[in-house]
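Here are my notes for going through this one with the viewer open. Take the points in order and find each residue as you read.

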Amino acid sequence: MNSIGKLGAMQQLIKGGRTMPAVAISDDSVLVKKIVGEHNPEGVDYDVRPLLQIVEDVLIRSNMSSEGATMGALARVDHVEDRSYRPGQTNMLEVLSAKIDRISCEISYKTLGGVDAHSTTVAIFDMLTNYKWDVKIVLALAAFALTYGEFWLLAQIHDKNQLAKSMAILKQLPSIMEHANSLKPRFDTLNDLVSSIVEVTKCVIEFHDLPSQYITQDIQAYTTAYNYIPVASYWTTRSIVACAAQITSLTTLGYEIFTSTDAWELSTLIFKLKNIIDHLRQLLNSCHEHIGKKMDAEAYQMLRELFSKPHTDNMKVLKALIYAQDDLLPLYDGVPKKRVSLESLRRKNVLLLFSGLEISTDELLILDQIYNESKTHAPRMESRYELVWIPIVDPNSEWTDTKQKQFESLQENMSWYSVYHPSLISKPVIWFIQREWKYKNKPILVVLDPQGRVSCPNAIHMMWIWGSAAYPFTSSREEALWKEESWRLELLVDGIDQEILNWIKDGKYIFLFGGDDPEWVRRFVKEARRVAIATQIPLEIVYVGKSNKREQVQKIIDTIIRDKLNTQYWSEQSMIWFFWTRLQSMLFSKLQLKQTDEEDHVMQEIKKLLSYDKQGGWIVLARGSHIVVNGHATTGLQTLVEYDAVWKDDADREGFEPAFKKHYDKVHSIVSPCCRFEFSHSMGRIPERLTCPECRRNMHVLTTFQCCHDEKVDEDFFVSTVTPPTN
């Protein structure tokens, strides 16, 4: 075609309306009115993903070829992975190929005939009224791929194949390829538009594939997207028409025919489609979020139902809690240091240790000791139990390299099983253990029997109190151990300090005491030694610290050493931690078993000691195993100070033990300090009601905000970010 002929053809195309009036872009409702009116919402539906995969393969290879054009390497696509298509992926072409070919011809015919882009787009939709929106777009895109793919296929092989060479000449390809460098910006813009077309197409398909059982028209994001899909389909198809027009003009009119209007049209369409993509992605994200919540709630209810039914073994339960699929090994065995399957736990008693990554070294060391003792000493048939660590992390927070290293460090120090990675634990499982097993941030140990039934909702307390003697860690075993127990000194110090146990055997008087006031500690030790000498009793004194305030406790220990106070102390903070952990576990064990009877002497004494600790300081006086006084620090010191003036004669006449208790009780009845208990939200099972161990009346419930700067404060992320369904 000579220059005059090409100019005439170009004028015909422009006159026909290949330009895009501004109103055509802005008023979407007018543009799609006819298309929506003729669309059949119950139209033919296909799974177009296989067809899109074929089309995308054509476009990707054509895209890569255009990049290669500037380097003279049009035929170099060897590094693209070859694809083979299954029969199921190509069967639909037997039904749709005629429709695709007809659309391709319609686009070429109308483009060459000077028909404007809007009319061509509407004509394509007229051919596809009985198809779903996603099918319409993919068919139009497949029609474009025929033209686009043919163009680049000839460009790649025309210098190697005579047939291709002849066809390429007919389409003016040799002259086009000679000017590949100058045409690169045009191809780049075209490829950008094609990429946007494919992205919108995928969004529409993704919307179409949303599971209808989890999302309905009453969801705003879904309704908005549903109404917006026709607009997205229109502009995607119109962009396809524009791309096809570019290739048609190249092969019929030559490379010279490319106006500023063409460039503006393509750029405007790219901008339009990118806005559509952003809008659709936002709506899809909202829909997926809603669907995710529905699916999580359904999974949560399924977990509840699963634990309410009997099973022949524990595998269904364990798969539901840890990992349901068989495509990977979800456990890590801490002994051989390798991944294993859940089969390792089949028909065994399983202790599930739930904790965050903040579980302390002290806890792990003691757990490891108890676990290994239990495995060693338990009878052969009864020792069929395993411990599994299930790490619980905030599913809404970012998983960082620091967290990964922290997790791996913990995992490597465990001699039992652990979940291979925290991401295996789903949000519904976190909901379940939080709501049903009262987990928050403190470690809990849920015991499952070989059939997957819960034999103890939290065995961590009995494990801290009795160690391996609590095996097999069931609630019935916990009850039996409490029936055998009494308020004695061994209950407080067993497994912590062997020297105190030796003093108990020797029948010595023993003062355990704690507090954070250096002056009180000095006076108490001085007065205790003075009274012991006066009454000629064998007395041992041990500073045991407080349940919190580690830094202040360490300062008291430093004071004892510096002032050479005549008392022993626990130099290892782990011993102090374990003493108070065991004591708190006694309280929670009783609460868990609902053993809160006012006549339960052990329970009342435990509450007293924990309360006195919160008020500042405390003392425990024992003779051998027998605890004489479990008292408040101030009252205990006053009792000792008043020895000479008040109860010396009673001590001479009745003995030190009854005289001390008698005067302590008298002073205590006058002072009558308040009792106070503090339960962190991270404790999980917080009692609704608690009686005072002193007056036996119901205690007032208060909410306290506290910041102790020498302590590590646990962040209870479950309170704000992980909320289980309410129904």
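1. In what order do the seven strands of the open sheet come? Reading across, the order is β2-β1-β5-β4-β3-β6-β7, and the pairing is mixed. On the outside sit β2 (338-340) and β7 (454-456), the edge strands, each of which pairs on one side only. Neighbouring strands here are turned by 35° against each other on average, if you ignore direction. Keep in mind that you are looking at a predicted model.

2. Now zoom in on one pair from that sheet. Strand β4 (residues 385-391) runs parallel to strand β5 (residues 417-419), and two bridges join them. A handy place to start is Trp389, whose bridge partner in β5 is Ser418. As background, strands of a sheet pair through backbone hydrogen bonds, either parallel or antiparallel. Then look for helix α16 (residues 401-412), which lies across β1 (331-333), β4 and β5. The helix runs at about 170° to β4.

3. There is a second sheet to find. This one is open too, with five strands in the order β10-β9-β8-β11-β12 and mixed pairing. Its edge strands are β10 (568-569) and β12 (626-632), and each of them pairs on one side only. For an antiparallel example, go to strand β11 (residues 617-623) and β12, which are joined by six bridges. One residue to click on is Trp618, which has His632 of β12 as its bridge partner.

4. Which strands does helix α23 touch as it packs on this five-stranded sheet? Helix α23 (residues 550-562) touches β8 (509-515), β9 (539-543) and β10, and its direction makes about 140° with that of β9. Helix α26 (residues 633-641) packs on the sheet as well, touching β11 and β12. The direction of α26 makes about 110° with that of β12.

5. Next, have a look at Thr535, which belongs to helix α22 (residues 518-535). Its side chain reaches back to the backbone oxygen of Val531 at 2.7 Å. The side chain of Thr535 also reaches the backbone oxygen of Ala532, at 3.4 Å. Here is the general idea to keep beside this: an α-helix has 3.6 residues a turn, so residues three or four places apart point the same way. Leaving out residues up to four places away in sequence, Thr535 touches Tyr643, Ala651 and Phe656.

6. Helix α9 (residues 162-170) is worth checking at both ends. At the N-terminal end, Asn161 acts as the cap: one of its side-chain oxygens lies 2.9 Å from the backbone nitrogen of Leu163. Just after α9 comes Gln172, with a positive phi of about 65°.

7. What about the loop between α18 (460-466) and α19 (475-484), where Pro472 sits? The peptide bond from Tyr471 to Pro472 is cis, with omega near 10°. Phe473 is in the loop between α18 and α19 too, and has a positive phi of about 65° although it is not a glycine. For context, most residues other than glycine have a negative phi, and most peptide bonds are trans.

8. Finally, the empty space. How many cavities of 30 Å³ or more turn up in the whole structure? The search finds four. I'd pick the second largest, which holds about 50 Å³ of space. Its lining is made of Ser104, Ile107, Ser108, Ala143, Phe144, Thr147, Ala244 and Thr248. The elements that give two or more residues to this lining are α6 (93-112), α8 (133-157) and α12 (220-253). Sorted by class, the lining has four nonpolar and four polar residues, with no charged ones.

Note on methods:
Residues numbered from 1 in each chain as written. Predicted model: local features only at pLDDT ≥ 70, side-chain atom pairs only at ≥ 80, totals over all residues. Heavy atoms only, no water. Helix = DSSP H or I, 4+ residues; strand = E, 2+ residues; numbered from the N terminus. Polar contact = N/O pair within 3.5 Å; in protein donor to acceptor, adjacent residues only side chain to side chain. Contact = heavy atoms within 4.5 Å. Pairing = 2+ DSSP bridges. Axes fitted to C-alpha atoms, helices over the stretch in contact; angles between N-to-C directions. 1 Å grid on protein atoms, 1.4 Å probe; cavity = no way out; pocket = protein on both sides within 12 Å on 5 of 7 lines; lining within 4 Å. Points joined across faces, edges and corners; volume = space filled by probe spheres on them. Nonpolar A, V, L, I, M, F, W, Y, C, P; charged D, E, K, R; others polar.
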